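Trainee: Could you take me closely through the surroundings of one charged side chain, and then set that site in the context of the rest of the fold?

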Amino acid sequence: MEAARLSSSGRRPRRGSLERPVNGRLVRNAALVVALPLLLAAFTVGRPGALGAPALPPSFDGPAAATLARELAGLHPSRVPGSAGNDAAGRWFADKVALYGIPVETDVWRAEVPGLGTRTLRNVAAVVDGETREAIVVVAHHDNSGQGPGASDDASGVAALVELIRSYAVSSTSSERARPRHTLVFLSSDAGAFGGLGVQRFVRASRFQGAIGAIVVLDALGGPGEPRLELAGDGPSSPAAALVRTASARVAEQVGRAPDRPGILRQLVDLGIPFAFGEQAPALGAGVAAVRITTADDSSETAASDTGASLDEATLGRLGRSSQALLGSLDVGVAQAQGTDPYLYLGERVVRGWAIALVLVASLVPFAAGVIDLAARCRRRGIPLAPAFRSLGGRLALWLWAGVVLWLAGQTGVLPNGPPRPFPPTSDAIREWAPLALGALALLVVLPWLLTRRPRRPGAAASPEEELAGYAASLVVLIPIAAGTALVNPYALVFVLPSLYAWLWLPQAGTSWLRDALFGLGLAGPVLALVSLAARFGLGIDVLLYAGALVTSGYVPWLAALLVLAWGAVAVQTGAVAAGWYVPRTGKTRSSASLLQRAAGRLAGQARRK
């Protein structure tokens, strides 16, 4: 609605008029509902302490670990799951452990690996029995993507396992080994670079199922990046705060500074998106406290240069000593570092996840109150909403068709179809089929719209009442979309809330630049999610297909995908109204035959013009 419709006197439009239909006072009063959850969230802020450091200093030998890492990467540079090189890497670990007299357990199974198909996988675990059956697990994956030798990612982690095991070896002067309080499991896992299938298998099917106190993942300990902790899991889960604080303290003691952790915004994204990469993710998804110590950036940009010559021996030694000290701390007080619960880390303080979720859910109330009042005002004015809902229904049908195309892409193999694990971002498979697949999928989605769209007649702009109805219908449909999002994952509301409150004020935005700004602000949530994934894994435009692969593989629930599609339909209608392109659908409908005839006529006309 144009600014020219404002009164010529220049006064502010009357509340409830076509130029000011949203009851701002009601929205502000309803916002008081959020005050109590915010207060509760403030009271949940805590400062968890770290477990005490072990009495003995760590004896981890960095140069020896670096030598082992270079040996593994040199002997078996390609360790793709199911390959001969990968099997040999598992046997290499078992042979090294055997030198120290530690019993080894091997678990062989067949599983579908994302991007590779069904493969035979192998977990190799060295077990040091403790005074209790409860286990502390240290993990490193012996596989790699095949794009480089993987000296750091993750031959360095496997080498660190061997060096950690050495301190529990049977000495030459005694037949007894150091006996920890808890059983220690040093797991050389398989398919760690392909969704953490080895860790997923271990927490679900090993003899320690249900008795795992904590998991420490050692991943790329000798890379060029800064040491950091990864905390995201499958779904909205975080490791116990005591585990994170202890890991951070032990790394800081050796490195001289605390390891990097995700910032507040990244943590909100991780809680909101049901996606995480790394072997800590399936463990956290299973309710086991886990943290990943790494220097890798999870992208494929450095895979080819990850050779023995580039291995940072000093960093490997420092992080190896940190891991050994962390293992000692957990052996004494792992009971305080168990379990998972959503957290938001603010420096050394944490906010409980349930309090954040409560604030996000309560934030829906002011929006719902304003939209319901807007719909009631339209009804009192006699503005029909049915044409606007029909217009939105047509757009929703097109977006649901896009979902069908996405499903067909998974069924036909254009996009991955299972297992429900994240497709490895380091694989070339995404970039190989990205341009062709993206074009084909876009054509299948856009073609029905091109054939059935109803172009606006010149000079037939929608009336102010019709524009208001178009906005109102879109906002009304956003209420169940937001409620469904809260049921699936309340933390995902962080991506929906910008559209709720930016688009709520569109009906009374008097200038085109303000409408454009508000509409763009409403798109910030989904854009943030995609940019976060693209930047984290170096995907670029391929992030669109990568996100689709997460859906077709079953890792992201289809219900969540349907909510995204419905939101997309609302976004298109809202944008059309804001841009002045909106055409309401009258009660007249065309039969399927007439639509097909009109589509055939358009195609014939285009052929004649050519």
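**A buried arginine and its setting**

Mentor: Arg395 is buried but takes part in no salt bridge, and the nearest side chain of opposite charge, that of Glu467, is 12 Å away. A salt bridge would require a side-chain nitrogen of Lys or Arg within 4 Å of a carboxyl oxygen of Asp or Glu, and Glu467 at 12 Å from Arg395 therefore does not qualify. Please bear in mind that the model is predicted. Arg395 belongs to helix α13, which covers residues 386–411. Leaving aside residues up to four places away in sequence, Arg395 touches Ala569, Val572, Gln573, Ala576 and Tyr582.

Helix α20, residues 558–579, also serves as a landmark for the aromatic contacts, since Tyr555 is placed in the loop between α19 and α20. Across the whole structure, a search finds 11 aromatic pairs. In one of them, the rings of Phe275 and Tyr546 have centres 6.0 Å apart and planes at 85 degrees, which makes the pair edge-to-face because the angle is over 60 degrees. This pair joins distant parts of the chain: Phe275 sits in the loop between α8 (264–272) and α9 (280–285), while Tyr546 is in helix α19 (residues 543–552), 271 residues apart. Both Phe275 and Tyr546 are buried.

Phe275 has another partner, Tyr555: their ring centres are 6.0 Å apart with planes at 90 degrees, so this pair is edge-to-face. Here too distant parts of the chain are linked, with Phe275 and Tyr555 280 residues apart. Tyr555 is buried, as is Phe275. Ring pairs gather Phe275, Phe277, Phe537, Tyr546 and Tyr555 into a cluster.

The sheet offers another part of the picture. Seven strands form an open sheet with mixed pairing, in the order β1-β2-β4-β3-β5-β7-β6. Its edges are β1 (104–113) and β6 (228–230), each of which pairs on one side only. On average, neighbouring strands are turned by 25 degrees against each other, direction ignored. At one edge, β1 pairs with β2 (residues 117–128) in the antiparallel sense over 10 bridges, and Asp107 stands opposite Asn123 in β2. Helix α4 (residues 84–98) lies across β1, β2 and β4 (182–189), and runs at about 10 degrees to β2.

Finally, some backbone details deserve inspection. Most residues other than glycine have a negative phi, and most peptide bonds are trans. Ala191, in the loop between β4 and α6 (197–205), has a positive phi near 55 degrees although it is not a glycine. Ala191 counts as buried because its relative accessible area is 0%, under the 20% limit. Ala220, in the loop between β5 (212–219) and β6, likewise has a positive phi, of about 55 degrees. The relative accessible area of Ala220 is 2%, so this residue is buried. The peptide bond from Asp153 to Asp154 is cis, with omega near 5 degrees, and Asp154 is placed in helix α5 (residues 151–166).

Methods: Residues are numbered from 1 along each chain as its sequence is written. This is a predicted model: local features need pLDDT of at least 70, side-chain atom pairs count only at pLDDT 80 or more; totals for chains, interfaces and linings use all residues. Side-chain values use heavy atoms; hydrogens and water are left out. Helices (H or I, at least four residues) and strands (E, at least two) are DSSP runs, numbered from the N terminus. Buried means under 20% relative accessible area, exposed over 50%, partly exposed in between (1.4 Å probe, protein chains only). Lys and Arg count as positive and Asp and Glu as negative; His and the chain ends are not counted. Contact means heavy atoms within 4.5 Å. Rings of Phe, Tyr and Trp (its six-membered ring) pair if their centres lie within 6.5 Å; planes under 30 degrees apart count as stacked, over 60 as edge-to-face and the rest as tilted. Two strands pair if DSSP finds at least two bridges between them. Axes are lines fitted to C-alpha atoms, for helices over the stretch in contact, and angles run from 0 to 180 degrees between N-to-C directions.
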